[in-house]
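Here is a friendly briefing to read alongside the structure. Take a look at the model below, then follow the topics in any order you like.

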Amino acid sequence: MNRWMKIAYDEATKGMLANEGGPFGAVILKDGELIAKAHNRVLTSKDPTAHAEVNAIRDASKKLGRFNLSDCILYTTCMPCPMCLGAIMWARIGTVYYGATEQDAEKGGFDDLRFYEMLQGKKEGLTLTQIDQKESAVLFDVWNEKEDSVSY
């Protein structure tokens with residue numbers, strides 16, 4: 001097993017056996033050095049966003065003192081769910097190695113595959129309705145006019 005994936009695997013096992021969350025672990029590296037390792041903590045935190053990848057990104061960002069992790073690599077024990085994939089993209093992490101698939105996660109009772117299918121329009125389950133676009137879009141005009149806005 002890959003050295004870094006093994007650390008993510010061990011994190012997943014630790015969290016799962018402690019009933020902190022599902023069987024997911026992740027690590028983040030910078031310049032070949034371990035910056036963060038985390039596991040799923042949805043059950044203990046009562047936070048549906050406390051996935052391994054998100055927890056690792058939060059930890060790495062705190063340790064590095066920045067939100068841009070474009071010089072980092074992430075290893076995760078499962079194909080990231082859409083939420084985690086979004087977090088990875090927002091963190092600008094360009095390289096991700098993953099183990100299990102969304103089909104494997106489905107066998108464990110997790111919704112990853114269903115969420116990906118919903119995003120592709122193959123399944124129903126979420127209704128998105130746009131309202132107040134004109135008023136809400138003004139926020140971006142205000143943002144663009146701010147002299148101290150920080151792009152991310």
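A residue is called buried here when its relative accessible area is under 20%, exposed when that area is over 50%, and partly exposed in between. Please keep in mind that this is a predicted model. With that cut-off in hand, strand 1 (residues 25-30) is a good place to begin: six of its six residues are buried, so the strand is largely enclosed by the rest of the structure. From there the briefing moves to pockets, to one residue of strand 3, and to salt bridges.

**Strand 1 and its partners**

- In a regular strand, side chains alternate between the two faces of the sheet.
- On strand 1, G25, V27 and L29 point one way, while A26, I28 and K30 point the other way, and all of them are buried.
- Strand 1 pairs with strand 2 (residues 33-39) in the antiparallel sense, over six bridges.
- Within that pairing, A26 stands opposite A38 of strand 2.
- The hairpin of strand 1 and strand 2 has two residues between the strands, and D31 takes a positive phi near 55° there.
- Strand 3 also runs antiparallel to strand 1, and five bridges join the two.
- Here V27 is the residue that stands opposite Y75 in strand 3.

**The largest pocket**

- What is the volume of the largest pocket? The value comes to about 500 Å³.
- Its lining is made up of 27 residues, and H51, C81, P82, D111 and F115 lie nearest the centre of the pocket.
- Two or more lining residues come from each of helix 2 (42-45), helix 4 (82-90) and helix 6 (112-119).
- Helix 6 provides the largest share of this lining, with four residues.
- Sorted by class, the lining of the largest pocket holds 16 nonpolar, six polar and five charged residues.

**The second largest pocket**

- The second largest pocket holds about 190 Å³ of space.
- It is lined by 16 residues, of which A12, P23, F24, T77 and A100 are the closest to its centre.
- Helix 1 (3-17), strand 3 (72-78), strand 4 (95-100) and helix 5 (102-107) each supply at least two of the lining residues.
- Which element gives the most to this lining? Helix 1 does, with five residues.
- By class, the lining of the second largest pocket has eleven nonpolar, four polar and one charged residues.

**A closer look at T77**

- T77 lies in strand 3, and this residue is also among those closest to the centre of the second largest pocket.
- Is T77 buried or exposed? Its relative accessible area is 12%, so T77 counts as buried.
- Leaving aside neighbours within four places in sequence, T77 is in contact with M5, A8, Y9, A12, P23, F24, G25, G99 and A100.
- Among these contacts, A12, P23, F24 and A100 also appear, with T77, in the group closest to the centre of the second largest pocket.
- Another of the contacts is G25, which belongs to strand 1.

**Salt bridges**

- How many salt bridges does a search of the whole structure find? The search finds nine.
- Side chains of opposite charge can pair when their charged atoms come close.
- E11 and K14 form a salt bridge, with the closest N and O atoms 3.3 Å apart.
- Both E11 and K14 lie in helix 1, three residues apart, which is about one turn of the helix.
- E11 is buried at 6% relative accessible area, whereas K14 is partly exposed at 47%.
- E20 and R41 meet through their side chains in another salt bridge (3.0 Å, N to O).
- E20 sits in the loop between helix 1 and strand 1 and R41 in the loop between strand 2 and helix 2, so this pair ties together parts that are 21 residues apart in sequence.
- E20 counts as buried at 19% relative accessibility, and R41 is partly exposed at 35%.
- R66 and D71 also meet in a salt bridge between their side chains (3.1 Å, N to O).
- R66 counts as partly exposed at 29% relative accessibility, and D71 is partly exposed at 35%.
- K30, D31, R66 and D71 are joined into one network by salt bridges that share partners.

Methods
Residues numbered from 1 in each chain as written. Predicted model: local features only at pLDDT ≥ 70, side-chain atom pairs only at ≥ 80, totals over all residues. Heavy atoms only, no water. 1 Å grid on protein atoms, 1.4 Å probe; cavity = no way out; pocket = protein on both sides within 12 Å on 5 of 7 lines; lining within 4 Å. Points joined across faces, edges and corners; volume = space filled by probe spheres on them. Nonpolar A, V, L, I, M, F, W, Y, C, P; charged D, E, K, R; others polar. Buried < 20%, exposed > 50% of the residue type's maximum accessible area, 1.4 Å probe, protein only. Contact = heavy atoms within 4.5 Å. Pairing = 2+ DSSP bridges. Salt bridge = Lys/Arg side-chain N within 4 Å of Asp/Glu carboxyl O.
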